[in-house]
Amino acid sequence: MLSKDDETEIQNLNKKIRILENKLHRSETERAKLEGTNRNREYLLKKVICELQESQEFLEKKRADLEKVIDELKRVQDRLIESEKMAALGTLVAGVAHEINTPLGTSITLASALRDETQLFYSVATSGQLKRSLLNSYIEVAAESTDLILNNLQRAGELVQSFKQVAVDQSTLEQRTFQVKSYLEEVTTSLSPHLKSTLHTLSVTGDDYLAINSYPGALAQLVTNLVTNSLTHAYQAGMRGCLYFEVMQRHESCLIHYSDDGCGIPQAILGKIFEPFFTTARDRGGTGLGLHISYNLVTQKLQGTIDVKSEVGQGTQFIITLPLSVAN
């Protein structure tokens, strides 16, 4: 028979056992909950990973599609630039051909008149009836005619030379060193037929000796686009305007200021003029590509910057900043 102390100790042990059993039960319950939570977390993690993989695949597909669109846009842009360049070159050819016709036509007329005078002089001389007055008259006509023929042919030669250099530059876009002011004068000479039917004047001023190593063809197209833009937008029919380029060097850069004294550009659209296809003259054949292509020529090919300032009624100024030598 157990003593009272033994019974008390057994009761205490049973009590401790029940406590341990309760703790074990709670531990088992918590472990089961934790396993459930871990399973839920693992499921959620797998779900998130799958969703991320699907999102990544979707984004990769979208990126590939976007790259295709960008490549196609670049090809379209290149075709538009090439088309605009060829259109400018075609305009240049037509203008110079028209301009050359004048001195050549005059030379042909003078040469024909001189031939008639020479035939008359020859017939009189061979008949033995030549008088001093006729000789003096023939010498005077011959001297005047040959001077005029020579001047007109020299003018035609200058036009051909200007056209030849500008046309080659625009068609090949090769890099070379050239004097900026004299080259701008060549380009503006080729544009003179477009100004003949207007009251406008176009002049070039500035540093005669500033030379840069760049792409003269791109500069020629830029000049053509800026002048064409002024003729199209800046003046009403019958107005007289002044367009001019100024060339100067500032530090290690070449600055070209182009200005017109036309109607100016409203502030509401000033920030849009370099956007593709933006034009206020679509009813007059404007494509909205001239200034956009000009912006790309300056910032990409010529590796410079172009800014614009304008006030309504005060005209417009473009400030082109170019490096003295572009990177190959």
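Which residues touch the most other members of the largest nonpolar core? In this predicted model, L219 and F318 do, within a core of 41 residues. I shall begin with that core and then turn to the sheet.

Several elements give two or more residues to the core. The helices among them are α3 (180–190), α5 (216–233) and α7 (290–301). The strands are β4, β5, β6 (305–311) and β7 (315–323). The most generous contributor is α5, with seven residues.

Let us look at L219 in more detail. Leaving aside residues up to four places away in sequence, L219 touches F178, V180, Y183 and L184. The list of its contacts also includes I256, L302 and L322.

I now come to the sheet. In what order do the five strands of the open sheet stand? The order is β2-β4-β5-β7-β6, and the pairing is mixed. The edges are occupied by β2 and β6; each has a single partner strand, so one side of each lacks a neighbour in the sheet. On average, neighbouring strands here are turned by 15° against each other, if direction is ignored.

For those new to the subject, a general remark may help. Strands of a sheet pair through backbone hydrogen bonds, and the pairing may be parallel or antiparallel. Both senses can be seen by following β4.

On one side, β4 (residues 242–250) pairs with β2 (residues 201–206) in the parallel sense, over six bridges. Within this pairing, V204 has F245 of β4 as its bridge partner, and G206 stands opposite V247.

With β5 (residues 253–260), β4 runs antiparallel, and eight bridges join the two strands. Here F245 appears again, this time opposite Y258 in β5. Thus F245 faces V204 in one pairing and Y258 in the other.

How many residues lie between β4 and β5 in their hairpin? There are two, and H251 in this turn has a positive phi of about 60°.

Finally, a word on cysteines. A disulfide is a covalent bond between the sulfur atoms of two cysteines. The count of disulfides in this model comes to zero. Are C50 and C242 buried or partly exposed? C50 counts as partly exposed because its relative accessibility is 41%, and C242 is likewise partly exposed, because its relative accessible area is 40%. The range for that class runs from 20% to 50%.

To close, I return to the opening point: L219 and F318 touch the most other members of the largest nonpolar core, and α5 gives the most residues to that core. Thank you for your attention.

Notes
Residues numbered from 1 in each chain as written. Predicted model: local features only at pLDDT ≥ 70, side-chain atom pairs only at ≥ 80, totals over all residues. Heavy atoms only, no water. Pairing = 2+ DSSP bridges. Helix = DSSP H or I, 4+ residues; strand = E, 2+ residues; numbered from the N terminus. Core = buried A, V, L, I, M, F, W, Y, C linked by side-chain atoms within 4.5 Å. Buried < 20%, exposed > 50% of the residue type's maximum accessible area, 1.4 Å probe, protein only. Contact = heavy atoms within 4.5 Å. Disulfide = S-S within 2.5 Å. Axes fitted to C-alpha atoms, helices over the stretch in contact; angles between N-to-C directions.
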